[in-house]
Amino acid sequence: MNLAKTTIKTPLVPIEFLLPENPAESIACQIFIKREDLNHSEISGNKWHKLKHNLIRAKQLNCNQLLTFGGAFSNHIAATAAAGKEMAMPSIGIIRGDELANAPQKWSPTLLAAHKNGMRFEFVSRQTYRRREQPDYQQSLLAKYPNSYLIPEGGSNELALLGFKELMTDINQQCPDWTHLYCAVGTGATLAGIIRYANAGLDKPRARQIFGIAVLKQATYLLAPIHHWLSCSLPNMDKTSEQNDELVHWQLLTQYHGGGYGKQSDVDAQQQLAFEKQHNIPLDPVYTAKVIKAVQQEFAQNRIPPKSKVIILHSGGLQGRNPDINLKL
Ligand SMILES: *Cc1c(COP(=O)(O)O)cnc(C)c1O
């Protein structure tokens, strides 16, 4: 597979957006959903963009396996296993929770899918898992699994950002004059990539407002890594990036976590279903449903001016979605 050439164009779908509080009134803005959930059957959404340049680097370095970290419900674990299979590169997952070792009956659908795609697991205690960023721990793993290419949790590193250059070039071709973009934030690497490449592919950069919706509580600690990623030097930087700073405004919105990571109230679940039915677009409760809800709230509070062109990034994540929800659609 030639990864550098594997860019799948997904549709930018206009939607008519109704506020749940006032369902008769549609909004005086153009709203689009960028369907990145459709970019790959298994390495879906933002995880594909984040992995792409890491996979290229792994090949360049002649590594013969991928080694990464995640919890039992991690979309990144599923994506890495699928990518490893596609590239004929075995993958190893360091998984949080040693109670899962030797207990495949307790494995989540995510772990089962990764296992099916050939990922080997090492289950570690929560205490050990906390060391995942420590160099000495990483060295010991690389000694145990030699010639591995190490990818951090969530696939979030500098090379991950580069993947969003292609995505933003694509969006800028489909809708050059967008004004607002909303995306989900777990680690913040996706948000940082979108900010950096907000004007990719355009001769003349435009003013943009970009909002990251934190899906976990007390997310302000994410600002430090986001600022780091915004300042790191990346290969293939384009001319537009320098002018970017003045024109591209961004914010991390921390009030829309809806109870915390992986949590969803019954009311929010109902609103997710209502949206899915109305638009025939599946969401996931952990990330994208929270972004939709956030945008509805921002409209309800008049934070988005009339005539704005709003893009909502559908970042995928459907692999871990509760299959029961499909039955209700
Ligand atoms: C992982 C994930 C995110 C968060 O991406 P970060 O780069 O970690 O902020 C958003 N949406 C979906 C569907 C994801 O799987």
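Trainee: Let's start in the middle of the fold. Which residue stands opposite H314 in β12?

Mentor: Happy to begin there, and keep in mind that this is a predicted model. Strand β4, residues 30–35, runs parallel to β12, and six bridges join the two. Within that pairing, the residue opposite H314 is R35.

Trainee: β12 also pairs with β9. Which residue of β12 is the bridge partner of H180?

Mentor: β9 and β12 run parallel and are joined by three bridges. H180 belongs to β9, which spans 180–185. Its bridge partner in β12 is V310.

Trainee: Why is β12 described as largely enclosed by the rest of the structure?

Mentor: Let's take the two faces in turn. In a regular strand, side chains alternate between the two faces of the sheet. On one side of β12 sit K309, I311 and L313, on the other V310, I312 and H314, and all of them are buried. The strand is largely enclosed because the number of its residues that are buried is six of six.

Trainee: Now the ligand. Which element gives the most residues to the shell around the ligand?

Mentor: The shell has 15 residues, and the closest are K47, K50, T187, T190 and S315. Three elements each supply at least two residues of it: α1 (46–60), β9 (180–185) and α7 (189–196). The one that gives the most, with three residues, is α1.

Trainee: How many residues of that shell are nonpolar, polar and charged?

Mentor: Some of the closest residues give a flavour of the mix: K47, T190 and S315 are among them. Sorted by class, the shell has two charged residues, four nonpolar and, finally, polar residues numbering nine.

Trainee: What share of the ligand's own accessible area does the protein cover?

Mentor: Consider the polar contacts before the area. The side chain of K47 has an N or O atom 2.8 Å from an oxygen atom of the ligand, and a polar side-chain atom of T190 lies 2.7 Å from a ligand oxygen atom. S315 brings a polar side-chain atom to 2.7 Å from a nitrogen atom of the ligand. Of the 390 Å² that the ligand has on its own, the protein covers 97%.

Trainee: T190 sits in α7. How many residues of α7 are buried?

Mentor: Walk along the helix: A189, T190, L191, A192, G193, I194, I195 and R196 are buried. That leaves α7 mostly covered, with a buried count of eight of eight.

Trainee: There is another sheet, with order β7-β6-β5-β8. Which of its strands stand at the edges?

Mentor: This is an open sheet of four strands with parallel pairing. An edge strand here has a single partner, so one side of it is left without a neighbour in the sheet. The twist averages 25° from one strand to the next. The strands at the edges are β7 (119–124) and β8 (148–151).

Trainee: Which residue of β8 stands opposite L66?

Mentor: L66 is a residue of β5, and it is buried. Towards β6, β5 pairs in the parallel sense over five bridges, with L66 opposite S91 and G70 opposite I95. Towards β8, β5 is joined by four parallel bridges. The residue of β8 opposite L66 is Y149.

Trainee: Is S91 buried or exposed, and what is its relative accessible area?

Mentor: S91 lies in strand β6, where it faces L66 of β5. Its neighbour strand β5 has six of six residues buried. S91 counts as buried because its value falls under the 20% cut-off: its relative accessible area is 2%.

Trainee: A last one on backbone angles. Where is N102, a residue with phi near 55°, found?

Mentor: Most residues other than glycine have a negative phi. A88 departs from that, with phi near 55°; A88 is exposed, at 69% relative accessible area, and is found in the loop between α2 (75–86) and β6. N102 also has a positive phi, near 55°, and is exposed, with a relative accessible area of 79%. Its place is the loop between β6 and α3 (109–116).

How values were computed. Residues numbered from 1 in each chain as written. Predicted model: local features only at pLDDT ≥ 70, side-chain atom pairs only at ≥ 80, totals over all residues. Heavy atoms only, no water. Near = heavy atom within 4 Å. Polar contact = N/O pair within 3.5 Å; in protein donor to acceptor, adjacent residues only side chain to side chain. Areas by Shrake-Rupley, 256 points an atom, 1.4 Å probe, with all protein chains shown as cover. Nonpolar A, V, L, I, M, F, W, Y, C, P; charged D, E, K, R; others polar. Buried < 20%, exposed > 50% of the residue type's maximum accessible area, 1.4 Å probe, protein only. Pairing = 2+ DSSP bridges. Axes fitted to C-alpha atoms, helices over the stretch in contact; angles between N-to-C directions.
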